[in-house]
Amino acid sequence: MTHTLDRTARIRSTWQAVWDRGEVDALDQLLGPGYVRRRGSAAAPQDREQFKESIRAIRRAFPDLRTEIEEIVEDGESLAIRWRSTGSHTGDFLGVPATGRPVEVSGATFTRFDHGVVSEEWVTWDPRQLLEALGIITTTQRAAVDADVVRGVHRKFITGVTVVTCDDGGKPRGLAVNAFASISLDPPMVLVCVQRSSTTHPALHRASHLGINILAAGQLDVAKTFASKADDKFAGLSWTPGAFGVPLLDRSCAQLEVEIGERLEAGSHTVFTGRVVSARHEELAPLVYSGGGFFDISRTAPLPW
Ligand SMILES: Cc1cc2nc3c(=O)[nH]c(=O)nc-3n(C[C@H](O)[C@H](O)[C@H](O)COP(=O)(O)O)c2cc1C
């Protein structure tokens, strides 16, 4: 436990020194000499010196930079850090002269310790607001697409309804999600998109596995409960922990347990991808969601094809 406090306290104080005050050499105590920083597939990995230089460049462009650590979750030698940074663009950055605009970006950093120092980090964040502040994408371009029209487009797309669940230190958590998709069959991979404002989000973010329960037509009441902010959505509900400890809802027409892989920050949501580690389905008709309403697919007519 002392070890845990040491690590999180070290991260907090080092981040404050480095990001808020520009004392980048404080990283020499936290990051090992062979440190590697990964930033998604497009950007090249950075070593410790390159990372320090990139912080100096960011601070030259945003001298009033402030970074708030929202949560640190520790799992053995690995830690997940959710953060939010704010600053004003008052210096050149990426070849763009100062715009004076305020910028807020948020993301997550996954940190691995090795012999008391950080050996590797993987960072994911949404660059949209930064690109907007730099004028690389513009609000005029964004406003050209009417939000109501986009909403109307989404209402034309028919989906099922899932309840995405996880075990949060012995407490079952979950929310209704229709942003679920298969990524690939071999390997079996799926994704779900969860809004960061959801109260289930922090639990999902620190979980190693999540459950996807595809609701049956007879589970409209379950869909409503999990689309709510009820304190204990599992009260009075019949559910069973799966082989990987994830809460699986009885009477749902299909269930997956997923080992979480990437947690990608995108707009207001986090995209969780992962590998399916257990799966089953029943001979039950799925609940259908379309245009804001719920339907029983067994009462629709199949078209000849
Ligand atoms: C049919 C339906 C689909 C939904 N799909 C999603 C989704 O894909 N992602 C999401 O974050 N919220 C989705 N929601 C909204 C959440 O279920 C809702 O905001 C819920 O109150 C969140 O609960 P929580 O804050 O307790 O986690 C959906 C709601 C409904 C009714």
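This tour proceeds through a predicted model, from its two domains to the ligand site and then to selected strands and loops.

**Stop 1: the two domains**

Begin by colouring residues 2-143 and 151-289 separately. The domain assignment gives the former range as domain 1 and the latter as domain 2. Taken over C-alpha atoms, the centres of the two domains are separated by 30 Å. To display the boundary, select the residues in contact across it: 12 residues of domain 1 meet 11 residues of domain 2.

**Stop 2: strands β2 and β3**

Within domain 1, select residues 66-75 and 78-88. These are strands β2 and β3, which pair in the antiparallel sense over 9 bridges. To check the register, label Ile69, whose bridge partner in β3 is Trp83. Next, move to the hairpin that these strands form, with 2 residues between them. Gly76 takes a positive phi there, near 60°.

**Stop 3: strands β1, β4 and β5**

Select residues 117-125, which make up strand β5. Two pairings of this strand can be followed from here. With β1, residues 31-38, β5 runs parallel and is joined by 4 bridges; Leu31 has Val118 in β5 as its bridge partner. With β4, residues 102-114, β5 pairs in the antiparallel sense over 8 bridges, and Ala108 stands opposite Thr124. In general, the strands of a sheet pair through backbone hydrogen bonds, in either a parallel or an antiparallel sense.

Now centre the view on His115, in the loop between β4 and β5. What is the sign of phi in this residue? Phi of His115 is positive, near 50°, and the residue is not a glycine. Most residues other than glycine have a negative phi. The turn belongs to a hairpin that leaves 2 residues between β4 and β5.

**Stop 4: the ligand**

Select the ligand and the 18 residues around it. Ala176, Ser198, Thr199, Thr200 and Lys229 come nearest. By residue class, the shell divides into 9 nonpolar, 7 polar and 2 charged residues.

Three distances to polar backbone atoms can be drawn in the viewer:

- From a nitrogen atom of the ligand to a polar backbone atom of Cys193: 2.9 Å.
- From an oxygen atom of the ligand to a polar backbone atom of Gln195: 2.8 Å.
- From an oxygen atom of the ligand to a polar backbone atom of Ser228: 3.1 Å.

How much of the area that the ligand exposes when taken alone does the protein bury? The ligand alone exposes 640 Å², and the protein buries 86% of that. To place the shell within the fold, highlight β8 (171-177) and β10 (189-195), the elements that give two or more residues to it.

**Stop 5: the loop before β10**

From β10, step back to the loop between β9 (180-184) and β10, where Pro187 is found. Display the backbone of Asp186 and Pro187: the peptide bond joining them is cis, with omega about 5°. Most peptide bonds are trans.

**Stop 6: Asp168**

Select Asp168, which is found in strand β7, residues 162-168. Which residues does Asp168 touch, leaving aside those up to four places away in sequence? They are Arg173, Ala203 and Arg206. Show the side chains of Asp168 and Arg206, which are joined by a polar contact of 3.0 Å. Then draw a line between the C-alpha atoms of Asp168 and Ala207: the two residues lie 39 residues apart along the chain, yet the separation of these atoms is 7.0 Å.

**Stop 7: the sheet of β6, β16 and β17**

Finish with an open sheet of 3 strands in the order β6-β16-β17, with antiparallel pairing. Its edge strands are β6 (159-160) and β17 (293-296), each of which pairs on one side only.

Select β16, residues 287-290, and follow its 2 bridges to β6. The pairs to label are Thr159 with Tyr289 and Gly160 with Val288. Then turn to β17, with which β16 pairs over 4 bridges. Tyr289 appears here as well, with Phe294 as its bridge partner in β17. The last selection is Gly291, in the turn of the hairpin formed by β16 and β17; its phi is positive, about 55°, and 2 residues lie between the strands.

Key:
Residues are numbered from 1 along each chain as its sequence is written. This is a predicted model: local features need pLDDT of at least 70, side-chain atom pairs count only at pLDDT 80 or more; totals for chains, interfaces and linings use all residues. Side-chain values use heavy atoms; hydrogens and water are left out. A residue is near a molecule or strand if one of its heavy atoms lies within 4 Å of it. A polar contact is a pair of N or O atoms within 3.5 Å; within protein, one must be able to donate a hydrogen and the other to accept it, and residues adjacent in sequence count only if both atoms are side-chain atoms. Accessible areas come from the Shrake-Rupley method with a 1.4 Å probe; for residues, only the protein chains shown count as cover. Ala, Val, Leu, Ile, Met, Phe, Trp, Tyr, Cys and Pro count as nonpolar, Asp, Glu, Lys and Arg as charged, and the others, Gly among them, as polar. Two strands pair if DSSP finds at least two bridges between them. Domain bounds come from an automatic or database domain assignment. Contact means heavy atoms within 4.5 Å.
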